[in-house]
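Grab a pencil and get ready to work through a few exercises on a protein model. Try each task yourself before you read the solution.

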Amino acid sequence: MHLHHVQIAMPAGGEAEARRFYAEALGLVEVDKPPALRGRGGCWFRSGEDGAVPAEIHLGVEDPFAPARKAHPGLLVGDSSSLEQLAARVERAGFEVDWSERHSFEGYERFHCRDGFDNRIEVMAPGQERSGRA
């Protein structure tokens with residue numbers, strides 16, 4: 001079994017803000033929604049190399065909207081350098097990056113951020129164990 005996509009809620013009319021975070025800040029590529037689903041609003045984003053689809057996030061309109069404060073997708077990048085570069089890109093786009101739990105998940109380094117709707121997003125990379133860190 002493989003995960004096909006994760007759906008995250010957004011408010012009606014938030015497509016431009018979704019593009020600002022998911023495409024501009026995270027670097028995902030927007031993909032067309034199937035014609036039968038376009039009238040619902042929202043947008044879909046994908047990361048992929050060589051035809052593979054390792055990550056796909058669907059943003060769907062929810063009314064009334066409430067951001068996911070704890071539930072979140074966990075996106076994986078290749079290494080610590082890529083993680084730091086992506087964090088810098090997210091910050092340059094105007095979003096806050098939280099490193100407070102960087103070494104709290106054994107075997108990984110990570111940061112958390114929030115999209116323009118206040119949904120939580122985790123980005124992680126395989127990391128080295130650090131002595132003295134929980």
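Below are four exercises, each with its solution worked step by step. This is a predicted model, so local features need pLDDT of at least 70 and side-chain atom pairs count only at pLDDT 80 or more, while totals for chains, interfaces and linings use all residues. Residues are numbered from 1 along each chain as its sequence is written, and side-chain values use heavy atoms, with hydrogens and water left out.

**Exercise 1. Find the salt bridge partner of D118, and work out which parts of the chain the pair ties together.**

Step 1: Get the rule straight. A salt bridge is a side-chain nitrogen of Lys or Arg within 4 Å of a carboxyl oxygen of Asp or Glu. By this rule the model has ten salt bridges.

Step 2: Look around D118. Its partner is R69, and the closest N and O atoms are 2.3 Å apart.

Step 3: Place both residues on the chain, using helices (H or I, at least four residues) and strands (E, at least two) that are DSSP runs numbered from the N terminus. D118 sits in the loop between β7 (108-114) and β8 (120-126), and R69 in the loop between β4 (55-61) and β5 (74-76), so the pair links parts that are 49 residues apart in sequence.

Step 4: Check accessibility, where buried means under 20% relative accessible area, exposed over 50%, and partly exposed in between (1.4 Å probe, protein chains only). D118 is partly exposed at 30%, and R69 is partly exposed too, at 48%.

**Exercise 2. Trace the salt bridge network that E101 belongs to.**

Step 1: Start with R110, whose side chain meets E101 in a salt bridge at 2.8 Å, N to O. R110 is buried at 10% relative accessible area, whereas E101 is partly exposed at 31%.

Step 2: Now try R120. Its closest N–O distance to E101 is 3.9 Å, which is a salt bridge as well. R120 lies in strand β8 and E101 in the loop between β6 (97-98) and β7, so this pair ties together parts 19 residues apart in sequence.

Step 3: Join up the shared partners. You get one network made of E101, R110, R120 and E122.

**Exercise 3. Follow α1 into the core: which of its residues are buried, and what do they pack against?**

Step 1: List the buried residues of α1: E15, A18, F21, Y22 and A25.

Step 2: See what they pack against. The answer is β1, β3, β4, α2, β7 and β8.

Step 3: Turn to the largest nonpolar core (a set of buried Ala, Val, Leu, Ile, Met, Phe, Trp, Tyr and Cys residues joined through side-chain atoms within 4.5 Å). Of its 27 residues, F21, Y22, L26, L59, V90 and I121 touch the most other members.

Step 4: Zoom in on F45, found in strand β3 and buried at 0% relative accessibility. Leaving aside neighbours within four places in sequence, its contacts (heavy atoms within 4.5 Å) include A18, Y22 and L59.

**Exercise 4. Describe the lining of the largest pocket by class.**

Step 1: Pick out the residues nearest the centre of the pocket. Of the 20 lining residues, these are S47, P54, A55, L75 and L76. The elements giving two or more residues to this lining are β4 and β5.

Step 2: Sort by class, with Ala, Val, Leu, Ile, Met, Phe, Trp, Tyr, Cys and Pro as nonpolar, Asp, Glu, Lys and Arg as charged, and the others, Gly among them, as polar. The lining has 13 nonpolar, five polar and two charged residues.

Step 3: Recall how a pocket is found: on a 1 Å grid over the protein atoms alone, it is an open set of points where a 1.4 Å probe fits, with protein on both sides within 12 Å along at least five of seven lines, and lining residues have an atom within 4 Å of a point.
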